[in-house]
Amino acid sequence: MKSYRKELWFNTTSRRELINITSHIKHCIVESGIKEGLILVNAMHITSSIFINDDESGLHQDFETWLEKLAPEKPYTQYRHNSYEDNADAHLKRTIMGREVVVALTNGELDFGPWEQIFYGEFDGKRSKRVLVKIIGE
Ligand code: ZN
């Protein structure tokens, strides 16, 4: 069995951002030389997410609106965690959107359903943060 590991770095200009990272993952697959197996992609920070969904701008605005209803950023004083920081909402948003995805690798390609794309969800940005890509297989 072959194994491949890579860290991808992201530094967003805004506090919250959704980035389609599918092309980065495809590049990792080619670099790994693995054709059949499993790919794990996970955020390495507890205020950002990896998830799979549609690359549609209206839906991305809906995510922002929905997450802000569930865990509004402000007022900062509404969260106990914010006695040390101001990012309690980002921890909660990350928990809802998920830490990682696992995708089947078949014949050298992501074995996706229709419209599936891999996203990095940043909820406390403006600094460098990492995503881990692990591929195992043959
Ligand atoms: Zn925090």
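Guide: Accessible areas come from the Shrake-Rupley method with a 1.4 Å probe. The model discussed here is predicted.

Visitor: What percentage of the accessible surface of the protein chain belongs to carbon and sulfur atoms?

Guide: The accessible surface comes to about 7700 Å². Along its principal axes, the C-alpha trace spans about 50 × 30 × 20 Å. The share of the accessible surface belonging to carbon and sulfur atoms is 53%.

Visitor: In what order do the helices and strands of the protein chain run from the N terminus on?

Guide: There are three helices and eight strands in the protein chain. Read from the N terminus on, the order is β-β-α-β-β-α-α-β-β-β-β.

Visitor: What is the strand order in the open sheet of five strands?

Guide: β1 (2-10) and β6 are the edge strands, each pairing on one side only. β1 is joined to β8 (residues 129-137) by nine antiparallel bridges, with Glu7 and Leu132 as bridge partners. β3 (residues 37-43) is joined to β5 by six antiparallel bridges, and β5 is joined to β6 by two. The order is β1-β8-β3-β5-β6.

Visitor: Which residue in the turn of the β5 and β6 hairpin has a positive phi?

Guide: Strand β6 covers residues 109-110 and runs antiparallel to β5. Thr106 stands opposite Glu109 in β6. Two residues lie between the hairpin strands, and the one in the turn with a positive phi, about 55°, is Asn107.

Visitor: Which side chains along strand β5 point to one face and are buried?

Guide: Buried means under 20% relative accessible area. Side chains alternate along β5 (residues 100-106): Glu100, Val102, Ala104 and Thr106 point to one face and are not buried. One residue on the other face, Val103, has Ile39 opposite it. The buried side chains are Val101, Val103 and Leu105.

Visitor: At about what angle to β1 does helix α1 run?

Guide: Helix α1 covers residues 22-32. It lies across β1, β3, β5, β6 and β8. Its angle to β1 is about 150°.

Visitor: Why is one side of β2 and of β4 left without a neighbour in the sheet?

Guide: The three strands of this open sheet are ordered β2-β7-β4 and pair antiparallel. β2 (17-20) and β4 (48-53) stand at the edges, so one side of each has no neighbour in the sheet. The reason is that each has a single partner strand.

Visitor: Which residue in β7 stands opposite Ile50?

Guide: β4 and β7 (residues 117-122) pair in the antiparallel sense over six bridges. Helix α2 (residues 57-70) lies across β2, β4 and β7, at about 140° to β4. Opposite Ile50 in β7 stands Tyr120.

Visitor: Does Glu73 count as buried or exposed?

Guide: Glu73 is in the loop between α2 and α3 (88-97). Not counting residues up to four places away in sequence, Glu73 touches Arg15, Arg16, Glu68, Gln78, Tyr79, Asp89 and Lys93. Its relative accessibility is 11%. Because the cut-off is under 20%, Glu73 counts as buried.

Visitor: How far apart are the mean positions of the positive and negative charges of the protein chain?

Guide: The protein chain has 18 positive and 21 negative charges. Their mean positions are apart by 6 Å.

Note on methods
Residues are numbered from 1 along each chain as its sequence is written. This is a predicted model: local features need pLDDT of at least 70, side-chain atom pairs count only at pLDDT 80 or more; totals for chains, interfaces and linings use all residues. Side-chain values use heavy atoms; hydrogens and water are left out. Helices (H or I, at least four residues) and strands (E, at least two) are DSSP runs, numbered from the N terminus. Lys and Arg count as positive and Asp and Glu as negative; His and the chain ends are not counted. The place of a charge is taken as NZ of Lys, CZ of Arg, CG of Asp or CD of Glu. Two strands pair if DSSP finds at least two bridges between them. Contact means heavy atoms within 4.5 Å. Axes are lines fitted to C-alpha atoms, for helices over the stretch in contact, and angles run from 0 to 180 degrees between N-to-C directions. Buried means under 20% relative accessible area, exposed over 50%, partly exposed in between (1.4 Å probe, protein chains only).
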